[in-house]
Amino acid sequence: MKVAAPEPSSVSWHDETTVLHGDASLSIDRSVVPPIHYSATYRADTAEQFADMANTPRHPGFYTRYGNPVHKHVEAILAGLEQTETALLMASGMGAISTTILALVAKGDHVIAQRKHYMSTSKLFEEVLPRFGIESTIVDQTDTEAFAAAIRPNTRLIMVETPVNPTLSLTDLQAIGDLAKARGIITVADNTFASPLNQRPHTLGIDIVVHSATKYFGGHHDLTAGAVCCSEELAQKIWSMHITLGSVLSPMDAWLLLRGLRTLSLRMERINANALALAQWLEQHPQIENVFYPGLPSHPQHALALRQMKGFGAVIAYSLKGGFEATSRFVSSLQLATHAVSLGGVETLVVHTAAMWASTMTEAQMSTAGIEPNFVRMSVGVEHIDDLKADLGRALASL
Ligand SMILES: *Cc1c(COP(=O)(O)O)cnc(C)c1O
């Protein structure tokens with residue numbers, strides 16, 4: 001798929017090119033790699049220039065909470081990938097999500113979100129917003145009619161996320177985009193699990209795309225960052241909340257993120273291929289009960305996955321035959337797959353989902369949330385597929 005290169009160039013590039021050259025027009029010197037601008041503040045030469053710096057929204061060189069030259073490089077690439085007018089970087093995915101939502105809603109507004117979201121996003125919609133007089137209706141993401149039925153005259157915003165934990169359920173982005181547009185409701189999609197290389201919500205009618213750049217964009221499990229991709233008009237609104245909330249990414253982490261982005265398309269190609277192959281392999285394994293992956297024909301929304309996704313990403317969820325104890329033993333006996341949270345990086349990571357929530361949720365609460373005691377979540381990395389199969393095969397055989 002072709003993407004528009006950022007201003008001022010009007011050339012259309014493929015993603016593989018955008019990640020390398022999408023920020024070329026911002027180069028200020030002869031260095032091939034942009035320098036890290038480690039300055040919190042920037043000097044003006046004249047009173048007029050100072051006034052201009054202070055009063056230009058999102059100025060790249062006034063004060064780093066307002067913007068930093070390294071941020072601009074990353075933002076140009078992300079806007080190119082998501083095909084939005086612009087992008088805005090923050091210090092974490094949750095920084096990006098909470099700043100975006102708080103910038104756009106006010107007391108008396110109504111919002112709609114999914115029953116399943118990244119946990120902190122659920123908390124924002126179900127606990128934090130109601131404290132400020134904003135009502136949320138929580139709906140089943142697989143039921144487009146439920147979104148339509150939840151709309152009220154004061155509905156201001158719809159939040160979606162697809163695919164989502166724990167069973168990789170999907171939301172029909174085009175349907176929600178159409179529904180909201182016809183009524184002037186703003187839509188926000190968390191595209192972290194897919195990445196723009198696999199799914200582009202904005203091209204399907206979603207207004208704002210948010211990301212945990214900690215995951216695929218950084219790609220090396222070494223930084224946290226977040227991003228918002230949208231129109232310049234919305235970005236300025238979100239930015240004015242951003243300078244109040246202050247979820248500012250350090251220049252060093254922005255630079256590491258830029259470095260990570262250069263190989264995004266290479267990594268995604270391998271990740272998509274590895275994860276699909278592993279999902280298919282797991283589905284055939286006698287010790288495995290169920291595999292949840294949008295790329296498998298057995299996924300209940302596989303047809304939708306084929307319609308809105310080009311690849312299906314790193315995350316596979318599966319359940320083992322056996323209970324909590326067997327699953328715990330399985331995860332502990334893996335040698336290659338690393339036992340750690342997060343996703344989208346070069347190393348394969350694995351988590352026994354129920355163990356993660358065991359101290360904060362009862363088994364009944366977990367069951368309601370769809371977290372079964374024998375569930376495993378795996379983020380497949382770029383290792384050789386045969387080594388991954390051998391590792392999983394060994395651990396399953398030992399059960
Ligand atoms: C990780 C994640 C977040 C939060 O991102 P942080 O960078 O950890 O703040 C939000 N949404 C999804 C889908 C995620 O996977």
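**The ligand shell, helix packing and an unusual loop**

In this predicted model, a polar backbone atom of Gly93 lies 2.8 Å from an oxygen atom of the ligand, a polar contact being a pair of N or O atoms within 3.5 Å (within protein, one must be able to donate a hydrogen and the other to accept it, and residues adjacent in sequence count only if both atoms are side-chain atoms). Local features are described where pLDDT is at least 70 and side-chain atom pairs where it is 80 or more, while totals for chains, interfaces and linings use all residues. Residues are numbered from 1 along each chain as its sequence is written, and side-chain values use heavy atoms, with hydrogens and water left out.

Side chains also reach the ligand. Thr214 places a polar side-chain atom 2.6 Å from a ligand oxygen atom, and for a polar side-chain atom of Lys215 the distance to an oxygen atom of the ligand is 2.8 Å. On its own, the ligand has 390 Å² of accessible area, of which the protein covers 92%; such areas come from the Shrake-Rupley method with a 1.4 Å probe, and for residues only the protein chains shown count as cover.

Who else is in the neighbourhood? The ligand is surrounded by 14 residues, and Gly93, Asp190, Ser212, Thr214 and Lys215 come nearest; to be near, a residue needs a heavy atom within 4 Å. The shell comprises six nonpolar, five polar and three charged residues. Here Ala, Val, Leu, Ile, Met, Phe, Trp, Tyr, Cys and Pro count as nonpolar, Asp, Glu, Lys and Arg as charged, and the others, Gly among them, as polar. Helix α4 (residues 93–104) gives the most to this shell, with three residues. Helices (H or I, at least four residues) and strands (E, at least two) are DSSP runs, numbered from the N terminus.

Helix α4 also meets helix α8 (residues 232–245): their axes come within 8 Å and cross at roughly 110 degrees. Axes are lines fitted to C-alpha atoms, for helices over the stretch in contact, and angles run from 0 to 180 degrees between N-to-C directions. The crossing angle therefore makes α4 roughly perpendicular to α8, with angles under 35 degrees counted as roughly parallel, over 145 as roughly antiparallel, 65 to 115 as roughly perpendicular and the rest as oblique. In another pair, helix α10 (residues 264–284) packs against helix α15 (residues 385–397) at about 30 degrees, with axes 10 Å apart. That angle makes α10 roughly parallel to α15.

Finally, the loop between β6 (155–161) and α7 (173–181) holds Pro163. The peptide bond from Thr162 to Pro163 is cis, with omega near -10 degrees.
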